[in-house]
Each structure stands twice: as C-alpha cells, then as structure tokens.
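Below are some notes for a colleague, set out as numbered points. They concern one helix and the sheet beside it.

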Amino acid sequence: MTQLDTTQDGAPPEGAALVGPLMQAGEMADLVADAIAEDNPGAEVLIRDQGSFIRIHTPGVCRLTRQTLSELAGRPLRIGDVEPHMAFFAGHITTTTDEMIWRSGQSAARPAPVKGEDAR
C-alpha cells in the first residue's frame, strides 16, 4: 500500500527501520516511487514530499527493478539511470544491472543468496 506521509517529524513506524532512496523531485522520482510500490507487494511504501526531494521508503527492505522501472517509463531504462537523481538513501544498498535493494540492520550485512547462487 502506497501512503503519502505528510508528517514533519520523520519518525518511522514503531519498531521499523525505513530504507530506500531520497530522490530529486521530478519524473524519475515519480517513476521510482511507482516502481517501488509494484516491486514490494504487501509492503507499506511511505512517500514524503519534501519540496525539491522525495523520500521513498519501506520498512526493512526496499527493492527496485530495472524491468518495472522500464515498463512504467514505457522505454528501456538502466538501473544506473536512477543514480544521478538519487541524492541520498537510507539503509545498506546492493546494486546490480537489474535491481537496487536497500536493507536495514543485520540483513544488510548478509543478504540471502540469490536462488541458484552458491551460498559461500
């Protein structure tokens, strides 16, 4: 569920560490917000408009895929196209050519192996 958070205190929901990008306002921020909402089914997506910046966060883990971003844009995009518009982020980030994932806490230090990869 996407929720526009208009509070000014910035406090996350009780017990949750919020992770995700802080984007420069504009088309890319809108695309990223919509893609994150699709790529994180069942997660509460908090969007806070701070004027020239948009915070897009989910509790614990936030995933953004190139496929969803491109589908929503109606044109091919690279995951790297997001980076120039991302001013900052919360959490630990893992970036591949296909996705960005932000994680909080210990889950960031030891992400689960991708199916089919060796778990060394």
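What covers the buried residues of H1?

1. The model under discussion is a predicted one, and the points that follow should be read with that in mind. The cover over the buried residues of helix H1 includes the strands E2 (18–24), E3 (45–49), E4 (53–59), E5 (61–65) and E8 (99–103), together with helix H2 (66–73).

2. The residues of H1 that are buried, and to which this cover applies, are Met 28, Ala 29, Leu 31, Val 32, Ala 33, Ala 35, Ile 36 and Asp 39. Asp 39 therefore belongs to the list of buried residues, its relative accessible area being under 20%.

3. The length of H1 can be checked against its residue count: helix H1 takes in residues 27–39, which is 13 residues, and at 1.5 Å a residue these should span 18 Å. Because the C-alpha atoms at the two ends are 18 Å apart, the expected span and the modelled one agree.

4. Strand E8, one of the elements covering H1, is itself mostly covered, with five of its five residues buried. Glu 99, Ile 101 and Arg 103 point one way from the strand, whereas Met 100 and Trp 102 point the other way, and all of these residues are buried.

5. On the E5 side, E8 pairs with E5 in the antiparallel sense over five bridges, and within this pairing Arg 63 stands opposite Ile 101 of E8.

6. On the E7 side, strand E7 (residues 92–95) runs antiparallel to E8 and is joined to it by four bridges, while a hairpin of three residues makes the connection from E7 to E8. Thr 94 has Ile 101 of E8 as its bridge partner, and Thr 95 is bridged to Met 100 in E8.

7. Taken together, these pairings give an open sheet of three strands in the order E5-E8-E7, with antiparallel pairing. E5 and E7 stand at the edges and each has a single partner strand, so one side of each is left without a neighbour in the sheet. From one strand to the next, the twist averages 15 degrees.

8. H1 packs on this sheet, where it touches E5 and E8, and the direction of H1 makes about 110 degrees with that of E5. This returns to the opening question, since E5 and E8 are among the elements that cover the buried residues of H1.

Conventions: Residues numbered from 1 in each chain as written. Predicted model: local features only at pLDDT ≥ 70, side-chain atom pairs only at ≥ 80, totals over all residues. Heavy atoms only, no water. Expected span 1.5 Å × (residues − 1). Buried < 20%, exposed > 50% of the residue type's maximum accessible area, 1.4 Å probe, protein only. Contact = heavy atoms within 4.5 Å. Pairing = 2+ DSSP bridges. Axes fitted to C-alpha atoms, helices over the stretch in contact; angles between N-to-C directions.
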